[in-house]
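Here are my notes on the model you sent over. Have a look at the fold yourself, then see whether the points below match your impression.

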Amino acid sequence: FYLAAGVDLNNDMALPSASSGAEPSSSSSKSAAEQILREPAAAGCLSVTALLALQEPRQVLGVSGNATAEEIKRAYRQQARVYHPDKHRGIHEDVDAAFGQAFVLITRAYMTLIVHGEQHNEKLQLLNKVDLRQ
């Protein structure tokens with residue numbers, strides 16, 4: 001719905017490829033990272049892989065179609081805490097990248113649903129320039 005160009009959500013994980021300049025990691029740490037990304041990030045939450053596959057802002061935040069602004073804000077804050085990249089920093093480069101992508105996706109969903117008007121368009125355009133593949 002508002003992802004940066006070049007991100008393939010049909011891919012099992014929208015993560016940087018090994019050719020992105022990152023050093024190749026051992027297969028055991030790579031498989032451990034993949035397992036982390038496929039497991040629910042917290043109780044009652046989606047895995048990072050599942051979250052990155054969502055396209056609708058309300059699905060990303062997990063709110064209904066008739067959610068109030070307060071419910072959307074509460075859902076955003078809860079999701080931001082769970083998927084914040086600093087909380088998962090240093091586990092593996094793919095985990096770092098995936099949680100960063102998830103956080104940007106959550107922020108875009110929130111801005112799409114809650115912020116309106118000219119200021120909304122400027123902020124969303126700026127956020128859309130973020131390359132999720134980094």
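1. First, the vocabulary: helices (H or I, at least four residues) and strands (E, at least two) are DSSP runs, numbered from the N terminus. By that count the chain has six helices and zero strands, so the pattern along the sequence reads α-α-α-α-α-α.

2. A word on where the values come from. This is a predicted model, in which local features need pLDDT of at least 70 and side-chain atom pairs count only at pLDDT 80 or more, while totals for chains, interfaces and linings use all residues. Residues are numbered from 1 along each chain as its sequence is written, and side-chain values use heavy atoms, with hydrogens and water left out.

3. The chain overall: 40% of its 134 residues count as buried (under 20% relative accessible area; exposed is over 50%, partly exposed in between, with a 1.4 Å probe and protein chains only). About 7700 Å² is exposed, and carbon and sulfur atoms supply 50% of that (areas by the Shrake-Rupley method, 1.4 Å probe, with only the protein chains shown counting as cover for residues). Among contacts (heavy atoms within 4.5 Å) with a separation of 6 or more, 65% join residues 24 or more positions apart.

4. Now H5, residues 93–114. Its 22 residues should span 32 Å at 1.5 Å a residue, and the end C-alpha atoms are indeed 32 Å apart (the expected span is 1.5 Å times one less than the number of residues). H5 is also mostly covered, with 17 of its 22 residues buried.

5. H4 (residues 69–83) passes the length check too: 15 residues should span 21 Å, and its end C-alpha atoms are 21 Å apart. Which residues of H4 are buried? They are Ile72, Ala75, Tyr76, Gln79, Ala80, Val82 and Tyr83. These cover an arc of only 160° around the axis, so they sit on the same side of H4 (the arc is that of the directions from the helix axis to the C-beta atoms). Their cover includes helix H2 (48–53), helix H3 (57–61) and H5. Arg74 and Arg81 are exposed on the face of H4 turned away from the buried side.

6. Last, charges. Side chains of opposite charge can pair when their charged atoms come close. The structure holds one salt bridge (a side-chain nitrogen of Lys or Arg within 4 Å of a carboxyl oxygen of Asp or Glu). Asp86 and Arg89 form it, with their closest N and O atoms 3.5 Å apart. Asp86 counts as exposed because its relative accessibility is 54%, whereas Arg89, at 48%, counts as partly exposed.
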